[in-house]
Amino acid sequence: MTPTSSLTILGRSLRTLFQRWPVLLTIQGITFLVVLPIVLAFRSTLANAFGSSPVVERMLSDFDYTTYSDFMSSQKEAMAFFQRTVGPLMLISIIIHGLLGSGLAVSMAGEGRVTEFLKATGRFLGRSFRLLFYALVSGILIVGIWTFAVGGIWTVMTSGDRIESEYLLAVVVVTLLFLIPVAIIALATEYARILMVREDRRNVLRTLWDGFVFVFRHPLRMVVQHGSIFVAMLALLGLYW
């Protein structure tokens with residue numbers, strides 16, 4: 001798969017996705033209602049902690065590690081709340097996507113009606129829950145084992161006296177290495193979901209295994225196709241920054 005064909009597929013997928021805007025609004029509405037209480041509590045905590053302080057705006061406009069370090073040490077209560085909040089928000093997002101993803105896959109291949117999406121979500125709800133459970137268990141096992149190797153690399157890169165740039169390099173390298181198994185698990189789960197919907201499979205564990213097999217059989221396609229999405233996201237972030 002060439003970068004050109006990858007971008008073509010990405011463009012077609014985005015066009016199809018935007019044509020299903022009622023389904024997207026339904027998914028976003030459900031997600032919004034679920035996470036709203038946590039987001040409001042987080043916003044209130046940040047407002048009480050920072051007030052009119054310009055430190056957050058300064059970090060967003062021109063990141064500086066010294067400012068970030070001072071910020072983290074001076075706002076321990078707010079950061080503790082942030083750390084307690086990120087985990088539940090990520091877990092809720094994963095659960096919502098895992099349970100609603102099958103309905104979205106059906107609507108992407110079908111006419112894109114909200115009723116079609118809701119019916120497909122209900123039809124595959126049990127299998128979607130099992131797929132999500134198996135993916136989370138495999139993720140915990142794989143990431144847990146991988147963490148030991150990444151931890152050794154982190155120790156080597158940060159041992160002794162290190163300057164700020166070397167420490168930041170270690171953070172980037174370890175983060176990228178940590179994301180490798182996470183990306184593989186996420187991709188395998190997505191392709192397993194597509195197989196489950198397209199072929200109406202009921203053996204969810206075997207379907208997840210087939211998702212892993214597909215990812216490892218087509219590594220170049222995975223890198224090009226999903227790498228283009230990652231590059232597009234970075235470009236958008238760069239425009240914002």
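Select Phe214 to begin: in this predicted model, Phe214 is partly exposed, with a relative accessible area of 25%, where buried means under 20% relative accessible area, exposed over 50% and partly exposed in between, for a 1.4 Å probe and protein chains only. Local features are given at a pLDDT of at least 70 and side-chain atom pairs at pLDDT 80 or more, while totals for chains, interfaces and linings use all residues. Residues are numbered from 1 along each chain as its sequence is written, and side-chain values use heavy atoms, with hydrogens and water left out.

Keep Phe214 on screen and add Tyr191. A search of the whole structure finds two aromatic pairs, a pair being rings of Phe, Tyr or Trp (its six-membered ring) with centres within 6.5 Å, counted as stacked when the planes are under 30 degrees apart, as edge-to-face when over 60 and as tilted for the rest. The ring centres of Tyr191 and Phe214 lie 4.7 Å apart and their planes meet at 45°, so this pair is tilted. The pair links distant parts of the chain, since Tyr191 belongs to helix H8 (residues 164-198) and Phe214 to helix H9 (residues 204-217), 23 residues apart; helices here are DSSP runs of H or I with at least four residues, strands are runs of E with at least two, and both are numbered from the N terminus.

Next, select Val215. Leaving aside neighbours within four places in sequence, Val215 is in contact with Ile184, Leu187, Ala188, Tyr191 and Met222, contact meaning heavy atoms within 4.5 Å. Val215 and Leu131 touch the most other members of the largest nonpolar core, which has 17 residues; such a core is a set of buried Ala, Val, Leu, Ile, Met, Phe, Trp, Tyr and Cys residues joined through side-chain atoms within 4.5 Å. Helix H7 (125-158), H8 and H9 are the elements that give two or more residues to this core, and H8 gives the most, with seven residues. A second, separate core of eight residues includes Ile92, Ile96, Leu104 and Phe117.

Staying in H9, select Asp210, which is placed in that helix. At 17% relative accessibility, Asp210 counts as buried, and, apart from neighbours within four places in sequence, Asp210 is in contact with Leu195 and Arg201.

Then move to helix H6 (residues 114-123), whose buried residues are Glu116, Phe117, Ala120 and Thr121. Looking down the axis of H6, these buried residues fall within an arc of 130°, so they line one face of the helix; the arc is that of the directions from the helix axis to the C-beta atoms. The face turned away from the buried side of H6 carries the exposed residues Lys119 and Arg123. Gly122 also lies in H6 and, at 49% relative accessibility, counts as partly exposed. Measure out from Gly122 to Gly103, 19 residues apart along the chain, and the C-alpha atoms are separated by 7.9 Å.

Finally, show the whole chain and colour by confidence. The protein has 10 helices and zero strands, and 27% of its 241 residues count as buried. Among contacts between residues at least 6 apart in sequence, 71% join residues at least 24 apart. The average pLDDT, the predictor's confidence in each residue from 0 to 100, is 79, and 74% of the residues score at least 70. Confidence is lowest in helix H3 (residues 55-61), at a mean of 58, and highest in H9, at 93.
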